[in-house]
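Biologist: Thanks for sitting down with me. Could you walk me through this chain, one question at a time?

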Amino acid sequence: MKKLVAYITTGYPDKNFTADLALSLKEAGVDSLELGIPFSDPVADGPVIEAANLFALRNGFKMADLLEVSERIAPEIDTLWMGYFNPFYHKGIDFFLEKAVAYGVSGFIIPDLPHEEGAAYKEKFDEKGVALIEFVAPTDSRERIAEIVKDAKKFIYMVAYAGITGAEKSESLEPIIDAVREHTDTPLYIGFGVNEKTAKEKAKGVDGVIVGSAFVKILLKENLTHSEKIDKISTLARSIKEMINE
């Protein structure tokens with residue numbers, strides 16, 4: 001069965017909502033959850049996720065909120081931390097790894113940490129049994145893909161196109177899928193631009209999909225109550241999970 005990974009922004013509108021949504025997504029069939037760490041300059045993200053980041057920061061998000069939510073949900077649903085390198089660097093990778101082990105967080109997704117620079121931390125991650133998720137993109141050569149994926153853990157994040165999250169673009173991905181499969185059996189998940197319209201097509205040839213902006217769009221709707229947001233996001237997740245496995 002193909003897997004569904006969901007991204008949500010931690011602390012928007014508040015930490016209790018984040019935890020309630022995460023647990024509802026588990027019931028809707030989400031296999032893994034990316035808890036997004038709000039950051040003021042999310043360079044890989046489009047306007048939807050960027051807006052949620054800024055709202056969470058304005059609402060007073062603190063790193064303690066991430067830890068509190070993780071402690072509550074990680075025993076229930078496979079949880080990863082998704083964030084930009086600056087917050088990790090500021091508090092220290094060792095700090096986050098210790099907390100990840102304590103709460104059962106299984107991996108980190110750091111989109112602005114290139115493979116070559118991430119290699120400096122690989123030993124620390126391996127020692128703690130926490131995955132540092134690797135990225136591959138259509139712009140990578142076969143040689144570079146071979147180097148990136150050879151020791152990849154948990155899953156490989158395939159960027160569907162060059163650009164930012166949430167855009168509806170498409171590129172031929174068969175060559176990159178073939179290059180990954182040639183060098184590893186680690187599951188390959190596709191992200192960027194995956195939504196209810198595109199999920200079925202994008203899921204072809206890969207082991208799972210990563211959905212973010214489609215969920216966060218609902219999160220940002222001010223005319224919905226908290227319970228309505230959770231219901232709508234969970235319904236969408238359930239629909240996408242069924243779609244990719246038809």
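Modeller: Happy to! One term to begin with: a contact means heavy atoms within 4.5 Å. Please also keep in mind that this is a predicted model.

Biologist: With that term in hand, which residues is Asp-20 in contact with, leaving aside its neighbours within four places in sequence?

Modeller: Asp-20 lies in helix H1. Its relative accessibility is 35%, and partly exposed is the class between 20% and 50%, so Asp-20 counts as partly exposed. Ile-73 is 53 residues away in sequence, with 8.7 Å between the C-alpha atoms. Setting aside neighbours within four places in sequence, the contacts of Asp-20 are Arg-72 and Ile-230.

Biologist: Let me step back to the whole chain. How many helices and strands does the secondary structure come to?

Modeller: Helix H1 covers residues 15-27 and strand E1 covers 3-9, while helix H12 takes in residues 226-244. Counted over the chain, the secondary structure comes to twelve helices and nine strands.

Biologist: What radius of gyration does the chain have, set against a compact globule?

Modeller: The C-alpha trace spans about 50 × 40 × 30 Å along its principal axes. For 246 residues, a compact globule would have a radius of gyration near 18 Å. The chain agrees with that, and its own value is 17 Å.

Biologist: What share of the 246 residues is buried?

Modeller: A residue is buried when its relative accessible area is under 20%. The accessible surface of the chain comes to about 11,000 Å², and carbon and sulfur atoms hold 49% of that surface. Among the 246 residues, the buried share is 56%.

Biologist: Which residues touch the most other members of the largest nonpolar core?

Modeller: That core has 92 residues. Helix H12 gives the largest share, six residues. The ones touching the most other members are Trp-81, Phe-108 and Val-136.

Biologist: Among contacts between residues at least 6 apart in sequence, what percentage joins residues at least 24 apart?

Modeller: Strand E2 offers an example of partners far apart in sequence: Leu-33 lies in this strand, and the C-alpha atoms of Leu-33 and Val-5, 28 residues apart along the chain, are separated by 5.6 Å. Leu-33 also touches Ile-73, Ile-77 and Leu-80, among others. Over the chain, the percentage of such contacts joining residues at least 24 apart is 72%.

Biologist: Staying in strand E2, is Gly-36 buried or exposed?

Modeller: Gly-36 sits in strand E2, residues 32-36. Beyond four places in sequence, Gly-36 touches Tyr-7, Ile-8, Thr-9, Thr-10 and Met-82, and its C-alpha atom is 4.5 Å from that of Thr-9, 27 residues away along the chain. Its relative accessibility is 0%, and the limit is under 20%, so Gly-36 counts as buried.

Biologist: Now the backbone. Which peptide bond is cis, with omega near 0 degrees?

Modeller: Look at the loop between strand E1 and helix H1, where Pro-13 is found. The cis bond leads into this proline, and it runs from Tyr-12 to Pro-13.

Biologist: Phe-192 and Lys-154 both caught my eye for phi. Is Phe-192 buried or exposed?

Modeller: Lys-154, in the loop between helix H8 and strand E7, has a positive phi of about 70 degrees although it is not a glycine; its relative accessible area of 30% makes it partly exposed. Phe-192, in the loop between strand E8 and helix H10, has phi near 80 degrees, again positive in a residue other than glycine. Its relative accessible area is 9%, and the limit is under 20%, so Phe-192 is buried.

Biologist: And Lys-197, how far is it from His-226 in space, C-alpha to C-alpha?

Modeller: Lys-197 is found in the loop between E8 and H10. With 68% relative accessibility against a cut-off of over 50%, it counts as exposed. Lys-197 and His-226 are 29 residues apart in sequence, and their C-alpha atoms are apart by 25 Å.

Biologist: Last one: how far apart are the mean positions of the positive and negative charges?

Modeller: The chain carries 29 positive and 40 negative charges. Taking the mean position of each set, the distance between the two is 3 Å.

Technical notes. Residues numbered from 1 in each chain as written. Predicted model: local features only at pLDDT ≥ 70, side-chain atom pairs only at ≥ 80, totals over all residues. Heavy atoms only, no water. Helix = DSSP H or I, 4+ residues; strand = E, 2+ residues; numbered from the N terminus. Rg over C-alpha atoms; globule rule 2.2 N^0.38 Å. Buried < 20%, exposed > 50% of the residue type's maximum accessible area, 1.4 Å probe, protein only. Areas by Shrake-Rupley, 256 points an atom, 1.4 Å probe, with all protein chains shown as cover. Lys, Arg positive; Asp, Glu negative; His and termini not counted. Charge placed at Lys NZ, Arg CZ, Asp CG, Glu CD. Core = buried A, V, L, I, M, F, W, Y, C linked by side-chain atoms within 4.5 Å.
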